[in-house]
Amino acid sequence: MTHPCPHAALHDPRFHADPQAVLQRLRDTHGPVVPVELEPGVRAWLVIDYTIITAWCRDTRTFSRDARRWRDWRAGRVRDDARVVPMMAYRPNAMFADGDRHLRLRRAVTDALGRAEAHRIAADARGFAHRLIDGFCARGRADLLADYARQLPLLVLTRLVGFGDNAGRRLAEAVRGMWDGTDAERANAAYERTLSEAVTAKSARPGDDVLSRLMAHDAGLSREEVLHHLVLILGIGDESTANLIGNTMRLLLTDREFAADLAGSRVGIDDAVDRALWSDPPVTNFPVLYPVRDIELAGGRIIREGTPILLGLGAANRFLADQYRERIQETANRAHLAWGVGPHRCPAQDIARMIAGNGVEILVERLPELRLAVPESELRWRNSPFARALTALPVVFTPQPPERVREQAEQTATVPAAEGEPRHRDARADTGTEDPRGGARPSRPRRRDRWRRGR
Ligand code: HEM
């Protein structure tokens with residue numbers, strides 16, 4: 001693709017069709033830090049080199065996270081209603097904090113998340129995954145994003161945080177508007193209003209959940225700080241985990257070689273998730289650094305103090321992978337930058353992996369004959385400057401009965417009723433993982449003919 005502008009226009013759908021080709025050309029001209037435009041008139045830099053990202057993220061003396069330093073916004077050259085403002089403007093949470101303030105806020109959020117029990121998150125992810133698949137498996141076709149990937153993390157995370165499903169759904173819609181910059185100001189207002197109502201409700205009835213732990217933490221978070229950490233957990237966390245499921249499924253459905261490795265157990269689901277985190281990390285061109293003084297690049301170009309520098313995590317991964325392809329695949333397959341790097345590195349990657357890994361695994365086990373419903377070339381990427389995310393992932397498969405119907409049918413066939421017992425034994429009475437559908441889900445061997453989790 002050719003682009004007349006010397007900047008990469010991250011708001012242009014043509015950029016998202018093949019970002020690496022655009023960035024390779026700009027890299028040839030500008031080197032590893034390239035000029036970008038986030039929306040017409042909003043300029044920034046994008047750093048696309050692995051080593052430089054790593055060094056700059058760790059250099060907290062030179063690079064701040066505090067968006068109140070954004071010089072064009074300070075000077076009124078970027079208006080408050082610009083599409084990228086809800087994602088980039090300062091919020092009182094860990095992502096935008098430096099130094100001691102960052103330590104204080106990060107401690108609160110990692111403590112609140114860390115006390116969540118892994119087995120409960122995994123059980124929720126698996127239970128909700130089955131429930132969602134039950135909703136479409138008899139149809140023989142689905143949009144894996146709308147019907148599955150966008151719902152699963154939201155269900156798990158809103159429960160983890162301590163919200164009901166309705167608040168979760170309203171939040172998810174607003175979050176998508178913020179990432180894409182579609183009616184972003186209104187989306188942001190709706191988001192903050194919903195969160196604020198939920199925080200008020202939770203203050204009256206605290207429980208064993210992330211929100212209650214954040215409110216009670218000895219770091220003494222203000223109500224506003226609590227609210228903006230929820231924006232972070234549900235805004236970044238939900239949206240990114242959804243896109244990780246989508247990007248991993250796309251990989252499995254389009255990369256025949258990889259799918260064959262998976263079928264032959266040479267790789268597992270976790271490797272597929274990491275492969276997607278290398279090639280299409282859901283958080284890309286984000287977050288943002290602000291130099292506290294002018295920076296001189298090789299060749300004499302200057303980045304002025306307070307100019308946004310976006311982290312090109314996806315591009316950096318791909319350039320590195322191209323350079324060291326053999327070694328990365330064999331030895332360092334988790335060295336990608338998808339979780340960020342340095343003191344702000346994502347504190348919830350285990351949670352995200354648990355939701356995405358279980359989500360992908362259950363999907364491919366239950367629907368082993370999944371295939372794309374359209375040619376790969378018809379898949380479209382969303383026009384978000386900050387996310388690597390598909391618009392839809394249409395698939396077809398042989399229709400399957402919902403899980404509970406199938407289990408009951410199997411048991412009717414195999415379990416003779418003992419005298420005095422009802423003829424149809426309830427599957428939920430089996431021992432197994434807790435199931436948010438309303439009972440225990442039996443742990444029984446699943447089909448592993450085409451896809452496997454372990455190596
Ligand atoms: C696939 C899913 C996810 C991806 C790819 C992802 C990626 C990231 C990235 C790139 C950052 C910024 C790192 C930096 O500034 O250097 C980040 C920060 C953060 N993420 Fe995640 N994340 C995901 C899921 C989650 C989830 C599920 C949660 C919460 C439950 C979460 C909570 C956070 C928090 C609190 C921060 C701010 C940390 C800080 O500034 O100290 N993330 N994440």
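A residue counts as near a molecule if one of its heavy atoms lies within 4 Å of it, and with that cut-off in mind the tour of this predicted model can begin at the ligand.

Select the ligand together with its surroundings: 26 residues surround it, and the closest are Arg65, His102, Arg106, His344 and Cys346. If you colour this shell by residue character, you will find 18 nonpolar residues, six polar and two charged.

Next, show the polar atoms around the ligand. A polar side-chain atom of His102 lies 2.7 Å from a ligand oxygen, while on the backbone side a polar atom of Ala94 is 3.5 Å from an oxygen atom of the ligand, and a backbone N or O atom of Met95 is likewise placed 3.5 Å from a ligand oxygen.

Now display the cavities, where the space that the ligand takes up is the largest cavity. Two elements, α6 (99-114) and α13 (223-254), each give two or more residues to the shell around the ligand, and α13 contributes the most, with seven residues.

Leave the ligand and turn to the aromatic side chains, among which the structure holds five pairs. Select Trp56 and Phe63, whose ring centres are 4.7 Å apart with planes at 25°, so that this pair is stacked; both Trp56 and Phe63 are buried.

Move on to Tyr90 and Phe96, an edge-to-face pair with 6.3 Å from centre to centre and 70° between the planes. Tyr90 is partly exposed, at a relative accessible area of 21%, whereas Phe96, at 9% relative accessibility, counts as buried.

Finish by selecting Phe136, Tyr148 and Phe397, which form one aromatic cluster.

Notes:
Residues numbered from 1 in each chain as written. Predicted model: local features only at pLDDT ≥ 70, side-chain atom pairs only at ≥ 80, totals over all residues. Heavy atoms only, no water. Polar contact = N/O pair within 3.5 Å; in protein donor to acceptor, adjacent residues only side chain to side chain. 1 Å grid on protein atoms, 1.4 Å probe; cavity = no way out; pocket = protein on both sides within 12 Å on 5 of 7 lines; lining within 4 Å. Sits in = over half its atoms within 2 Å of the grid points. Helix = DSSP H or I, 4+ residues; strand = E, 2+ residues; numbered from the N terminus. Nonpolar A, V, L, I, M, F, W, Y, C, P; charged D, E, K, R; others polar. Phe/Tyr/Trp six-rings, centres within 6.5 Å; stacked < 30°, edge-to-face > 60°. Buried < 20%, exposed > 50% of the residue type's maximum accessible area, 1.4 Å probe, protein only.
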